[in-house]
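I opened my notebook beside this structure and looked things up one at a time. Here is what I wrote down, entry by entry.

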Amino acid sequence: MRCPFCGNVDTQVKDSRPAEDHVAIRRRRFCPACGGRFTTYERVQLRDLVVIKTSGKREDFDRDKLERSIRIAMQKRPVEPERIDQMISGIVRRLESMGETDISSKVIGEIVMETLARIDTVGYVRFASVYKNFQEADDFDKFVSELRPPGAGDAE
Ligand SMILES: [Zn+2]
């Protein structure tokens, strides 16, 4: 698993345990290159969701991308990491239970914003400000790269 901080691919699993009432395995990982610590989850994927972009292009739904964008928006916010995990799982469950395999990127963005707005205003504003450009760019990778951690350029 590649280190999200420095890009090193040789990271170590320090701890594995059941999570979310045994629907997931939570692994704590450590990057020997930069000392970074992060968490990964292994879980059953019941449905393969497809994201329909505004351009009409189809792309497999990627939970990791969604998670990355939310974690960046929530960086250094006084919200428990567990709460963020629950929030992400909640969003994915909502998407999975919509009864459709195809979901528009617009709907996903709106659900994320709605959820963030209830949990943390600053995280919501960060996400929403980039989301506007995202709709124009129609490119989730660009979207994630534009969501910068606080301190990288702008004073808080
Ligand atoms: Zn690293």
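**Entry 1: Arg-17 and its partner.** I began with Arg-17, which is partly exposed at a relative accessible area of 45%. This is a predicted model, so I keep in mind that side-chain atom pairs count only at pLDDT 80 or more. The side chain of Arg-17 meets that of Asp-15 in a salt bridge, 3.0 Å from N to O. I looked up Asp-15 as well and found it partly exposed, with a relative accessible area of 27%. General background helped me here: side chains of opposite charge can pair when their charged atoms come close.

**Entry 2: other salt bridges.** How many salt bridges does the structure hold? I found twelve. One group caught my eye, a network of salt bridges that links Arg-63, Glu-67, Arg-71 and Asp-85.

I then turned to Glu-114 and Arg-94, whose side chains meet in a salt bridge at 3.3 Å, N to O. Glu-114 sits in helix 3 (residues 105-119) and Arg-94 in helix 2 (residues 81-96), so this pair ties together parts that are 20 residues apart in sequence. For accessibility, Glu-114 is partly exposed at 41%, and Arg-94 is partly exposed at 34%.

**Entry 3: along helix 3.** I stayed with helix 3 and looked at Lys-106 and Glu-110, whose side chains form a salt bridge of 3.2 Å, N to O. Both residues lie in helix 3, four residues apart, which is about one turn of the helix. A general rule fits well beside this note: an α-helix has 3.6 residues a turn, so residues three or four places apart point the same way. Lys-106 is partly exposed at 40% relative accessibility, and Glu-110 is partly exposed at 38%.

Which residues of helix 3 are buried? My list reads Ser-105, Ile-108, Gly-109, Ile-111, Val-112, Met-113, Thr-115 and Leu-116.

I also checked the length of helix 3. At 1.5 Å a residue, its 15 residues should span 21 Å, and its end C-alpha atoms are 21 Å apart, which agrees.

**Entry 4: the zinc ion.** Which atoms coordinate the zinc ion? They are the SG atoms of Cys-3, Cys-6, Cys-31 and Cys-34, at 2.2 to 2.3 Å. The angles among the four donor atoms run from 105 to 116°, and the site is tetrahedral. For reference, the ideal angle for four tetrahedral donors is 109.5 degrees.

I noted the spacing of the donor residues in sequence as C-x2-C-x24-C-x2-C. Cys-6 belongs to the segment before strand 1 (12-19), while Cys-31 is in the loop between strand 2 (24-30) and strand 3 (37-43), so the pair ties together parts that are 25 residues apart in sequence. Are Cys-6 and Cys-31 buried or exposed? Cys-6 is partly exposed at 39% relative accessibility, whereas Cys-31 is buried at 0%.

**Entry 5: Thr-11.** My last stop was Thr-11, which is placed in the segment before strand 1. Thr-11 counts as buried, at 12% relative accessibility. A polar atom of the Thr-11 side chain lies 2.6 Å from the backbone oxygen of Met-1.

What does Thr-11 contact, leaving aside its neighbours within four places in sequence? I wrote down Met-1, Cys-3, Arg-29, Phe-30, Cys-31, Pro-32 and Phe-38. Two names on that list, Cys-3 and Cys-31, I had already met among the residues that coordinate the zinc ion.

Technical notes:
Residues numbered from 1 in each chain as written. Predicted model: local features only at pLDDT ≥ 70, side-chain atom pairs only at ≥ 80, totals over all residues. Heavy atoms only, no water. Salt bridge = Lys/Arg side-chain N within 4 Å of Asp/Glu carboxyl O. Buried < 20%, exposed > 50% of the residue type's maximum accessible area, 1.4 Å probe, protein only. Helix = DSSP H or I, 4+ residues; strand = E, 2+ residues; numbered from the N terminus. Donors = N, O, S within 2.8 Å, 3.2 Å for Na, K, Ca; no water. Tetrahedral: all angles 85-135°; square planar, octahedral: opposite > 155°, others 65-115°. Expected span 1.5 Å × (residues − 1). Polar contact = N/O pair within 3.5 Å; in protein donor to acceptor, adjacent residues only side chain to side chain. Contact = heavy atoms within 4.5 Å.
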